[in-house]
Amino acid sequence: MALSDGQLGFVSKDLESVNIQPLRGVNSCCLSLSLSPVKIIVSKRRSLGLYDLDDRLVFKSEISLTDTWTGLEYGSKTVCGADNSLYRIYDFKSATDLALFPYDKDAMEPCLTVISEQEYLLVTASAQGIGLGVFISSKGDPVRGTLQWPSVPQFLCFQFPYVVALLKNHSIQIHNIQTQSLVQTLTMPPHVQPIFMTLASYSLDLICVLEDGEKAPGGTIQIVFGSHKDIYGLRMIPWEIQVEQLFETNKFEQAIVLAEQMTTHDDSRMKVYYIKAVVGAIREVQFKKALEYLEKTEIDPLDLLSLYSLGFKHDIQSDHLRQLESIDQVIQEFVERNHASISESSLKTMKQSILKRALDMLEQFLELRHRETPAINNALIKLYCRHSDQRLLDFIVQEPEIDLDLVKDDLLSHEKYFCLSLLLQKTNLEKTLDLLKKIATGELQDPDFPGLDTVIDLLINTRDMKLVKKHCEWILRRNPVKGIQIFTQRSNFDPKQVWEYLEPFGLRAKRAFLLQVHVDHPEYRIELGRVLLQMIDRLLNTESKTNVTKLRTMQDPLSQSRLDFYDFVSGYQINTKQLLDLLQSTEHCAFMHLEHLVIYKKDSNHEKVLETLLKMDDLESCFLYCEEQPEQQKMFHLLLDLLIPLKRPAIVVQLLDRYWSFFDIHLVLSKLPDDWPFDLVAPFLKREVSRLFHCNFEMNLIKSLSKLERLKVS
């Protein structure tokens with residue numbers, strides 16, 4: 001297909017004429033060889049013509065425009081071109097004409113090329129005459145970066161991943177579309193003055209004859225340019241060679257991008273390229289990139305592990321990884337190559353930072369390709385030791401197969417004592433318990449240690465009573481409540497033996513034991529009462545009138561002991577006489593009102609209960625206790641009898657005012673002392689006389705009504 005003097009003609013590949021009539025009045029044209037039949041778009045005066053080309057040319061449609069377009073490029077669903085002042089895109093599906101941005105028609109001719117079905121590259125000029133390449137999507141949005149040339153290009157071609165531009169000085173510049181960087185400049189001989197450049201309609205493979213006479217691929221011609229007399233081709237080096245050249249210059253990212261574009265995902269060559277990229281990224285200490293490529297390889301994790309100084313030796317299977325002596329050597333060479341002038345201290349800090357990133361990469365890769373082998377498990381433990389989070393603990397809980405001798409020093413140096421104890425449990429329980437004791441007592445610090453429960457569980461489940469006796473002593477002294485579980489939660493413990501063993505450990509240990517055992521063994525309840533009273537007696541050195549409700553809001557040891565005694569006596573059957581004898585034998589018996597109270601309540605000794613409550617100045621509890629009893633009237637009279645000798649008339653008046661209905665006026669008057677002022681009981685007497693009057697009136701009324709009823713019947 002050739003355009004000359006407004007006429008578009010057609011010839012065969014052999015440049016022979018074909019039976020297709022030329023199109024006249026054509027200003028510009030473009031086509032798509034990837035579609036069948038071939039789509040041709042031509043620009044005529046204020047219109048676009050659409051054609052299909054197979055063995056003949058078929059007109060499909062015509063689109064009217066407001067101006068004539070030049071420099072057409074076809075993108076499957078859109079076409080891009082330029083009118084007299086603007087670049088434009090026409091969308092066939094929506095039939096819309098989108099104006100993009102202007103170009104300086106005095107300084108340049110429109111220049112553009114298609115990148116993909118959804119992307120174009122358009123050329124404009126800066127005020128200084130510099131050529132700028134702008135990537136535009138098919139919807140008119142800017143994408144990628146910007147290309148730059150020393151002058152405005154006359155022609156553009158795109159052959160992935162390169163943009164080829166023919167400049168006014170007859171040189172050719174080639175940019176990489178991925179990085180927007182200039183990769184090559186071709187300068188023409190003086191006698192070659194190109195006037196056009198375009199993509200070849202079909203590829204032309206070249207053959208090179210080597211010195212030994214053998215033939216080898218010599219590249220492919222994809223782009224042609226020409227002068228008035230000659231046509232030239234740009235030889236494209238095979239992409240495989242380009243990839244290798246990029247790897248040789250350690251441009252591994254560009255090499256992978258090119259290889260991925262030129263091959264399929266399952267191409268065996270890509271596996272090799274990814275391994276090479278891993279090596280390149282590690283050499284440049286770009287460990288995140290290296291991990292990205294590692295995930296796409298089938299590298300044995302043991303090969304990578306062998307590069308690190310983690311106490312593991314393995315014959316590396318990968319030829320490419322074998323090029324790296326060690327990670328330490330890689331880091332040393334990198335800093336010597338790039339940072340030789342910095343100070344020794346800065347150099348040390350930099351090496352440590354780089355090594356940390358290298359270890360992070362290894363850790364993530366081993367997690368990704370984790371296999372249950374001791375070598376990998378050992379490495380992961382060494383790597384997890386570096387962190388302060390739960391990774392190490394979570395991994396060890398899974399009980400991996402490891403070599404303890406290889407990881408022990410790392411665990412100790414990073415103060416991971418609890419994790420070490422978990423690993424020791426399988427082989428040496430005694431060392432495990434010794435280590436846990438040091439953690440629990442604060443000799444060693446480890447925030448991962450969950451507490452004494454861990455030690456107690458081990459002692460509960462072991463049959464080695466020597467170990468139990470060795471460790472229960474310090475646990476009982478440290479926390480008797482938890483320590484006593486070592487005995488009480490064993491399936492075959494003997495309470496008598498435990499009780500005898502606890503003799504030297506004091507009241508707290510005994511209290512903890514008896515609180516747990518007395519429910520199933522009532523014979524120990526008197527002992528529990530004795531222990532609780534002894535604890536209260538030691539702590540109580542002054543009179544206390546605190547009631548139970550207030551005690552339940554207090555957290556001090558004395559309050560807790562008194563509550564334990566109160567709840568124990570209230571909730572269980574016990575010989576109260578023995579308990580009362582124990583109470584009266586204590587040194588501070590006179591101060592233990594609450595303890596007397598609960599025993600008297602247990603015996604239903606109402607008089608003693610009320611006396612004790614009055615000693616505690618707890619009048620409200622006295623009232624409440626009387627209300628709760630079946631014979632309420634008897635109880636209130638008993639309370640009155642107890643109050644009168646105390647010579648507290650105000651409280652008596654309060655009792656009579658609140659509960660006057662339970663009192664007989666004659667009994668009350670007979671009990672009150674003669675010397676008490678009449679005014680104190682006047683409200684009670686007035687209320688009682690009124691009550692008696694109403695009762696008498698009501699009785700007389702009932703009698704009268706009854707009498708009238710009898711008269712009516714008769």
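A salt bridge here is a side-chain nitrogen of Lys or Arg within 4 Å of a carboxyl oxygen of Asp or Glu. The views below come from a predicted model, in which local features need pLDDT of at least 70, side-chain atom pairs count only at pLDDT 80 or more, and totals for chains, interfaces and linings use all residues. Residues are numbered from 1 along each chain as its sequence is written, and side-chain values use heavy atoms, with hydrogens and water left out.

**View A. Asp 581 and Lys 577 form a salt bridge within helix 22.** The closest N and O atoms of Asp 581 and Lys 577 are 3.7 Å apart. Both residues belong to helix 22 (residues 576–584), where they are four residues apart, about one turn of the helix. Helices (H or I, at least four residues) and strands (E, at least two) are DSSP runs, numbered from the N terminus. Asp 581 is partly exposed at 40% relative accessible area, while Lys 577 is exposed at 59%. For these labels, buried means under 20% relative accessible area, exposed over 50%, and partly exposed in between (1.4 Å probe, protein chains only).

**View B. Lys 289 and Glu 292 meet in helix 4.** Here the salt bridge has its closest N and O atoms 3.5 Å apart. Lys 289 and Glu 292 are separated by about one helical turn because they are three residues apart in helix 4. Lys 289 is partly exposed, with 24% relative accessibility, and Glu 292 is partly exposed too, with 33%.

**View C. A salt bridge joins Asp 564 to Arg 511.** How far apart are N and O in this salt bridge? The distance is 2.3 Å. Asp 564 sits in helix 21 (residues 557–571) and Arg 511 in helix 18, so this pair ties together parts that are 53 residues apart in sequence. Both Asp 564 and Arg 511 are buried.

**View D. Six charged side chains are linked in a network of salt bridges.** The members are Lys 356, Asp 360, Glu 363, Arg 386, Asp 389 and Arg 391. Across the whole structure, the count comes to 31 salt bridges. As general background, side chains of opposite charge can pair when their charged atoms come close.

**View E. Tyr 274 stacks with Tyr 293.** The structure holds 19 aromatic pairs, and in this one the rings are 6.4 Å apart centre to centre, with 25° between the planes. Rings of Phe, Tyr and Trp (its six-membered ring) pair if their centres lie within 6.5 Å; planes under 30 degrees apart count as stacked, over 60 as edge-to-face and the rest as tilted. Tyr 274 lies in helix 3 (residues 268–283) and Tyr 293 in helix 4 (residues 287–294), so the pair connects parts that are 19 residues apart in sequence. Tyr 274 and Tyr 293 are both buried.

**View F. Trp 499 has an aromatic partner, Tyr 524, and a charged one, Lys 510.** Trp 499 and Tyr 524 pair edge-to-face, at 6.4 Å centre to centre and 65° between the planes. This pair links distant parts of the chain: Trp 499 is in helix 17 (residues 495–501), and Tyr 524, 25 residues apart from it, is in the loop between helix 18 (506–517) and helix 19 (525–539). Trp 499 is buried at 16% relative accessible area, and Tyr 524 is buried at 11%. Lys 510 lies over the face of Trp 499, 5.7 Å from the ring centre. A charge sits over a ring if NZ of Lys or CZ of Arg is within 6 Å of the ring centre and within 35 degrees of the ring normal.

**View G. Four strands form an open antiparallel sheet.** The strand order is 4-5-6-7. Strand 4 (28–32) and strand 7 (57–64) stand at the edges with a single partner strand each, so one side of each is left without a neighbour in the sheet. Strand 5 (residues 38–44) and strand 6 (residues 47–53) pair over seven bridges; two strands pair if DSSP finds at least two bridges between them. Ile 41 stands opposite Leu 50 in strand 6. Ser 43 is found in strand 5 and is buried, at 0% relative accessibility.
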